[in-house]
Amino acid sequence: MGEFELIRRYFLPVSEAGQHPAVLLGPGDDCAIQRVGEGQDLVFSVDTLVEGVHFPEHYSPEKLGWRSLAVAASDLAAMGADPVCFTLALTLPQADPDWLANFSSGLSSASRSFGLNLAGGDITRGPLALTLQVHGTVPVDSAIRRSGAKPGDLICVSGTLGNAAAALALLDLEFPTTEQVELLEHYHAPQPQLLLGRALRGSASAAIDVSDGLVADLTHLLGASGVAGAIDVGCLPLSGALAAQREDAINLALYGGDDYQLCVTIADTALKALPDAIRKQLTAVGRVRTGAGLVVDGGSAQAQPGGYDHFGSE
Ligand code: ADP
Ligand code: MG
């Protein structure tokens, strides 16, 4: 049973059992949405990072501080939400003051940079794991959901793809080259696209953040919208560093995770109407169609390796 089948079978019934009218959007998107008052909707999401699964053992605590909040904040970006605050549940094997000082420093930098205020948490002893809940807001009914893509919309991505996946092979290098350092930065210090997400509110028809790989995440968006899509690999945005270092750059851009860029769908007219500075951050890579499934350069994408699934091999 895969991760998503597990959620569908055991947790969607729980979600449906306790339906509250203020919960506008439950499981299935990057964040949930709660109506909290007249003017604003609360947008929130929780993410767990486990040592040895989501980050390597003996990983730099300062980088972990940044990365853990960046990864969580990326789901707010995908909804077009304005960041507000977060809580942190930390499970630690021991209270090492050096480790904690460095972790705190990385977390503080991220907190300042993203405008997310630490508002509470929990500390327990056990194998190293972190759970972060992030809260954001949007004006009522303006969150960008996964489900709004329409046939004919362009499929666009922000930034460049595949860098973080290429960095995985470089994590243990003692003396990386300048180009390798550039790729490593994408893994260690992802930049959640909060300003871009916010700027696309009211313009993008659907959005998702690319955490598990473009093919996997775009497939989720298309499924939630009940549409099909086609992408042209010649249009995929690749960094110079990736193109120079990896012959399989295209595959990494299609299937590699950890980029935390946005994948959005948007009508041509809405894209043209965006301010230049926003439009320039997006690259059109394909189009939404009627039907179901994702086609990559004319072939079905399902036959290729998918994104990360924690229970996929069980
Ligand atoms: P993301 O990569 O955007 O963080 P996930 O792939 O982790 O999203 O989760 C997909 C969807 O499944 C989300 O809407 C999430 O809230 C929901 N989900 C995951 N685990 C559970 C659970 N145990 N109970 C209810 N919903 C869940
Ligand atoms: Mg997400």
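**Exercise 1. Determine in which sense strands β7 and β10 pair, and place this pair in its sheet.**

Solution. Strand β7 (residues 154–158) and strand β10 (residues 261–266) pair in the antiparallel sense over four bridges, where two strands count as paired if DSSP finds at least two bridges between them, and where strands are DSSP runs of E with at least two residues and helices are runs of H or I with at least four, both numbered from the N terminus. Within this ladder, Ile 155 has Thr 265 of β10 as its bridge partner. Helix α8 (residues 214–225) packs on the sheet and touches β7, β8, β9 (228–231), β10 and β12 (293–296), contact being defined as heavy atoms within 4.5 Å. The direction of α8 makes about 145° with that of β8; axes are lines fitted to C-alpha atoms, for helices over the stretch in contact, and angles between N-to-C directions run from 0 to 180 degrees.

The next step is the strand order, which reads β8-β10-β7-β11-β9-β12-β13 in an open sheet of seven strands with mixed pairing. Because β8 (204–210) and β13 (299–300) each have a single partner strand, they stand at the edges, and one side of each is left without a neighbour in the sheet.

The model is predicted, so that local features need pLDDT of at least 70 and side-chain atom pairs count only at pLDDT 80 or more, whereas totals for chains, interfaces and linings use all residues. Residues are numbered from 1 along each chain as its sequence is written, chains are lettered from A and ligands numbered from 1 in the order in which they are written, and side-chain values use heavy atoms, with hydrogens and water left out.

**Exercise 2. Work out the strand order of the six-stranded sheet and say which helices lie on the sheet.**

Solution. The open sheet of six strands has the order β1-β2-β3-β6-β4-β5, again with mixed pairing. Strands β1 and β5 (117–125) are the edge strands, and since each has a single partner, one side of each lacks a neighbour in the sheet. From one strand to the next the twist averages 20°.

Turning to the ladders, β3 and strand β6 (residues 129–139) run antiparallel and are joined by 11 bridges; Gln 40 stands opposite Pro 139 in β6, and Leu 42 has Thr 137 of β6 as its bridge partner. Strand β4 (residues 82–92) also runs antiparallel to β6, with nine bridges between them, and here Leu 88 stands opposite Leu 132.

For the helices, α3 lies across β1, β2, β3, β4 and β6, at about 35° to β6. Helix α4 (residues 97–114) packs on the sheet, touching β4, β5 and β6, and its direction makes about 165° with that of β4. Helix α3 (residues 61–79) also lies across β8 and β10 of the seven-stranded sheet, running at about 165° to β8.

**Exercise 3. Identify the aromatic cluster that contains Tyr 59, and describe the surroundings of Arg 67.**

Solution. Phe 55, Tyr 59 and Tyr 187 form one aromatic cluster. Rings of Phe, Tyr and Trp (its six-membered ring) pair if their centres lie within 6.5 Å, with planes under 30 degrees apart counted as stacked, over 60 as edge-to-face and the rest as tilted. By this rule, the structure holds four aromatic pairs. One of them is tilted, with Phe 55 and Tyr 59 at 6.2 Å centre to centre and 45° between the planes, and both residues are buried, a term for under 20% relative accessible area, against over 50% for exposed and partly exposed in between (1.4 Å probe, protein chains only). Tyr 59 and Tyr 187 form an edge-to-face pair, also 6.2 Å centre to centre, with 85° between the planes. This pair links distant parts of the chain, 128 residues apart, with Tyr 59 in the loop between β3 (40–50) and α3 and Tyr 187 in helix α6 (residues 178–188).

Arg 67, in helix α3, lies over the face of Tyr 187 at 4.1 Å from the ring centre; the criterion is NZ of Lys or CZ of Arg within 6 Å of the ring centre and within 35 degrees of the ring normal. With a relative accessible area of 2%, Arg 67 is buried. Beyond neighbours within four places in sequence, its contacts include Leu 49, His 54, Pro 190 and Asp 258.
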